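Me: Please take a close look at one part of this model, the contact between the two chains. Walk me through it in one connected answer.

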Amino acid sequence: MKIAVLIKQVPGSDSSLPIQNDASWINEEAITYVMNESDNYALEEALQIREQNGNGEVVVISLGPDRVQKVIREGLAKGADRGIQINVDSVGAVDPLVNASLIADAIKEEKFDIVFSGLQSDDLGMGQTGIILGEMLGMSTASLVMETEISDGRIKVKRELEAGYFQWVTMDLPSSITIQSGLNTPRYPSLKGIMGAKKKEINVLTPEVGQSKQSMEKVYIPQSDKQTVMIDGSADQIVEKLVETFRNDIKVI
Amino acid sequence: MDILIVIEDNNSKIHRMGLESIAAAQSISKDKGFSIGVLVMGGNAEGLSTEVSKYDVSEVLKLNNDIISSYSSDGYAEAVKQVIEQENPKYVFFGHTYQVRDYVPKISAKLMKPFLVDNVSINKDGEKFIFTKQMFNAKLYSDMVAKDNGPLLISFQSAAFSADNAQSGSASIRDISVDIDSSMIKTESDEPFQEEAGGMDLTAAEVIVSIGRGIGKEENIPMAQDLAKAIGGELASSRPVVDSGWLSAPHQIGSSGQSVSPKMYLALGISGAIQHVVGMKGSKNIVAINKDPEAPIFEIADYGVVGDVVEIIPKLSEALKEN
Ligand SMILES: Cc1cc2nc3c(=O)[nH]c(=O)nc-3n(C[C@H](O)[C@H](O)[C@H](O)COP(=O)(O)OP(=O)(O)OC[C@H]3O[C@@H](n4cnc5c(N)ncnc54)[C@H](O)[C@@H]3O)c2cc1C
Ligand SMILES: Nc1ncnc2c1ncn2[C@@H]1O[C@H](COP(=O)(O)O)[C@@H](O)[C@H]1O
């Protein structure tokens, strides 16, 4: 079983997000980057499938500038076999059609059985890359996957639907599957894994980037018209005011 | 046709977000004089087309065919792609539902046309439109533009437009067909099912104490349980708390979990991502405690505290018990 995992490097949920003066993007120097949350679950699923099969290969792929080598190394430290970096400038990389084409070109000769990706990136939130890629490579596709079972060249996946519903879908491999968070418990890299990762190969590709079909004009902090009553003070004062609010304004105690 | 709206079937009714798409299309059509076509498809197309024809749109396109009588991503993607090719609209509107996430990116790939997703508003800039979407889990917004002549695929976030604003009227219904065969469908789908809710129904609760990733670690869960008890409410959570196994799935509030509208919703260490907010924004009073003054939850909170939940929760429980 040959499995590709798409891993995006995104700002951590605790990172500050200073906007550049021209509002074109955030100031990347000031960001702490992490592995995209759902991609972490996708990687874990791939590693578990390889371990259950006793053989196979897991390849982590990230598209972005040199900083993304860090998440590739993290994937390798957790147990992926090798990595591919598709070296592009991050600021222009907003169009999922362009990104998926670049990834498709990079992997089409590899004949992966499965491509796992996250259901959505925590920065751009396009929610499309894995499905577009699957379509481009003629693979079967499924999104929002919460469980996988592989047998006889087919994959059966449990898809999340709206409002607490699920559905099992079965399809032939090769397949491109987008993973929803929570389907497994992602591992942490071991010390041995971290040491071993240094010797693993990262193949760096520098492709020609196609014309974007959608682009970002500006980013900004949203304005809210909601009047929020802010309660402040020391922790004890806040607690006192909250209890008063519960009693006198909201009337729940 | 200028705008084609694709309506989703929600148990043989129009999905609410379909009506929101109609409201969106009507809002930009007024001064542009755009014509609006609405596509209904699948096993319930007959009934749905009658429903949709009661809205102020130019016409309803009705499509049924054995292969798309129930949903499959391949079937729907191919069918809608062919309708787009036949009708050649400038814009194709969708609600940003889970189903749309599943199949519309395929249409984007087939046609090599951009899919501008999950928009919260549309604004005019001369002749072109600017589509605004949330980024970084709602912490920032961004204005997106298409660099393509279309057809452009556009989806709208839940509640970006109000279904109540969809104007009624009377539209003609036209049968259409597509050329599609079973060899195009790569998936076999079982029936949708619901998992045991574990006897937990949060919809009746008057007070909900809801915790997010800001609770920090599993060891802090009892402190939240204690607060829920002290205030006489139910405990709930955002998705990461369930994903981490700290609380069971029925506790989850949001688009994949329960939708609630209690008298008071206490959001503790929850950032306010849209998939959470859709499940609780109907609450009468939202009280948010978050250490980040810019957390998006404050945009919908009635009362806000910038502070550390791990410090405040036990003190609050104590104070409530003393009362
Ligand atoms: C298709 C889809 C479906 C989804 N379905 C759901 C769903 O049903 N329900 C759901 O909740 N999410 C859902 N999500 C996930 C959603 O997008 C968010 O990722 C999630 O809601 C974030 O949860 P959170 O606010 O707890 O965590 P985070 O976004 O990580 O926020 C944690 C917050 O806690 C604050 N904080 C940290 N430490 C402290 C402290 N000590 N004191 C006070 N504040 C602190 C931080 O400032 C931050 O604002 C879904 C996502 C997708 C793509
Ligand atoms: N630049 C990238 N590098 C690697 N994987 C990516 C990249 N962009 C998107 N992906 C993958 O596609 C998923 C969905 O991203 P998006 O379509 O941007 O929401 C992510 O969770 C990743 O698995």
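Reply:

**The interface of chain A and chain B**

E188(B) and R154(A) form a salt bridge, with 3.2 Å between the closest N and O atoms. The model is predicted. In total, 11 salt bridges are counted between chain A and chain B. Polar contacts across this interface involve 43 residue pairs, both residues at pLDDT 80 or more. On the side of chain A that touches chain B, α6(A) supplies the largest share, 10 residues. That side of chain A divides into 40 nonpolar, 23 polar and 20 charged residues.

Now the extent of the contact. Chain A contributes 83 residues and chain B contributes 80 residues. Together the two chains bury about 7,200 Å². Of that area, 56% lies on carbon and sulfur atoms.

Back to E188(B). This residue also has a place in strand pairing: in β12(B), E188(B) stands opposite T170(A). The strands concerned are β9 of chain A (residues 165-172) and β12 of chain B (residues 187-189). They run antiparallel and are joined by 3 bridges.

R154(A) leads into chain A. Strand β8 of chain A covers residues 154-160. β8(A) runs antiparallel to β7(A), with 6 bridges between them. One of the pairings sets T148(A) against V157(A) in β8(A). β7(A) and β8(A) form a hairpin with 2 residues between them. In the turn, D152(A) has a positive phi of about 50 degrees. β7 of chain A (residues 140-151) also pairs with β10 of chain A (residues 175-179), here in the parallel sense over 4 bridges. There, V145(A) has I179(A) of β10(A) as its bridge partner.

A second sheet also takes strands from both chains. It is open, has 6 strands and pairs them in parallel, in the order β13(A)-β18(B)-β17(B)-β16(B)-β14(B)-β15(B). β13 (229-230) of chain A and β15 (234-237) of chain B stand at the edges. Each has a single partner strand, so one side of each is left without a neighbour in the sheet. Within chain B, β17 (residues 285-290) and β18 (residues 303-306) pair in the parallel sense over 4 bridges. V287(B) has Y303(B) in β18(B) as its bridge partner.

Helix α6 of chain A (residues 235-249) meets this sheet too. α6(A) lies across β16 (264-268), β17 and β18 of chain B. Its direction is at about 170 degrees to β18(B). This is the helix that gives 10 residues to the side of chain A touching chain B.

Terms used: Residues numbered from 1 in each chain as written. Chains lettered and ligands numbered in written order. Predicted model: local features only at pLDDT ≥ 70, side-chain atom pairs only at ≥ 80, totals over all residues. Heavy atoms only, no water. Pairing = 2+ DSSP bridges. Contact = heavy atoms within 4.5 Å. Axes fitted to C-alpha atoms, helices over the stretch in contact; angles between N-to-C directions. Buried area = accessible area lost by both parts, 1.4 Å probe. Salt bridge = Lys/Arg side-chain N within 4 Å of Asp/Glu carboxyl O. Polar contact = N/O pair within 3.5 Å; in protein donor to acceptor, adjacent residues only side chain to side chain. Nonpolar A, V, L, I, M, F, W, Y, C, P; charged D, E, K, R; others polar.
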